[in-house]
Amino acid sequence: MSLEESRGHTRVLSALRETQLDHYAEHKADAAEIKAGVAQIVRLLKGIGGTPES
């Protein structure tokens, strides 16, 4: 493999890594949003339940 081919491969791999990091950040943000939504649902359900009768 020539030096130029090697540099080309390195550029492609760097671009792929950058894309993967971007996608990871998006998924991480989505997961945080889902987690916050579930926590809100749990709080609402607890509020609907009220206090237990004696």
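**Exercise 1. Work out which residues form the negative surface patch in this predicted model, and where Glu26 sits.**

Solution. Start with the acidic side chains: the patch is built from Glu18, Asp22, Glu26, Asp30 and Glu33. Now pick one of them, Glu26, and place it on the fold: it belongs to helix α1, which covers residues 3–49.

**Exercise 2. Find the residues of the nonpolar surface patch, and decide whether Ile34 is buried or exposed.**

Solution. First, the members: Ile34, Val38 and Val42 make a nonpolar surface patch of about 250 Å². Next, locate Ile34, which is in helix α1. Then check its accessibility. Ile34 has 56% relative accessibility, so it counts as exposed, given that the cut-off for exposed is over 50%.

**Exercise 3. Count the salt bridges and name the partners.**

Solution. Begin with the general idea: side chains of opposite charge can pair when their charged atoms come close. Here the count comes to one salt bridge. The partners are Glu4 and Arg11, with their closest N and O atoms 3.9 Å apart. That passes the test, because a salt bridge calls for a nitrogen–oxygen distance within 4 Å. Finally, look at Arg11 on its own: with 51% relative accessibility, it counts as exposed.

**Exercise 4. Describe the overall form of the protein chain from its secondary structure, radius of gyration and spans.**

Solution. Secondary structure comes first: the protein chain has one helix and zero strands. Now take the radius of gyration. For the protein chain it is 24 Å, whereas a compact globule of 54 residues would have one near 10 Å. Then add the spans of the C-alpha trace, about 80 × 15 × 5 Å along the principal axes. For a distance check, take Ser2 and Val38, which are 36 residues apart along the chain: their C-alpha atoms are separated by 54 Å.

**Exercise 5. Work out what share of the residues is buried, and classify Ser2.**

Solution. Of the 54 residues in the protein chain, 2% are buried. The accessible surface adds up to about 5,200 Å², and carbon and sulfur atoms account for 61% of that. As for Ser2, find its place: the segment before α1. With 35% relative accessibility, Ser2 counts as partly exposed, because that class lies between the 20% and 50% cut-offs.

**Exercise 6. Tally the charged side chains and say how far apart the centres of the two sets lie.**

Solution. Count each sign in turn: the protein chain carries 7 positive and 8 negative side chains. Then compare the centres of the two sets, which lie 8 Å apart.

Key: Residues are numbered from 1 along each chain as its sequence is written. This is a predicted model: local features need pLDDT of at least 70, side-chain atom pairs count only at pLDDT 80 or more; totals for chains, interfaces and linings use all residues. Side-chain values use heavy atoms; hydrogens and water are left out. Patches are made of residues with over 30% relative accessible area and no salt bridge: like charges are joined within 9 Å, nonpolar side chains (Val, Leu, Ile, Met, Phe, Trp, Tyr) within 5 Å. Accessible areas come from the Shrake-Rupley method with a 1.4 Å probe; for residues, only the protein chains shown count as cover. Lys and Arg count as positive and Asp and Glu as negative; His and the chain ends are not counted. The place of a charge is taken as NZ of Lys, CZ of Arg, CG of Asp or CD of Glu. Helices (H or I, at least four residues) and strands (E, at least two) are DSSP runs, numbered from the N terminus. Buried means under 20% relative accessible area, exposed over 50%, partly exposed in between (1.4 Å probe, protein chains only). The radius of gyration is taken over C-alpha atoms; the globule rule is 2.2 Å times the number of residues to the power 0.38.
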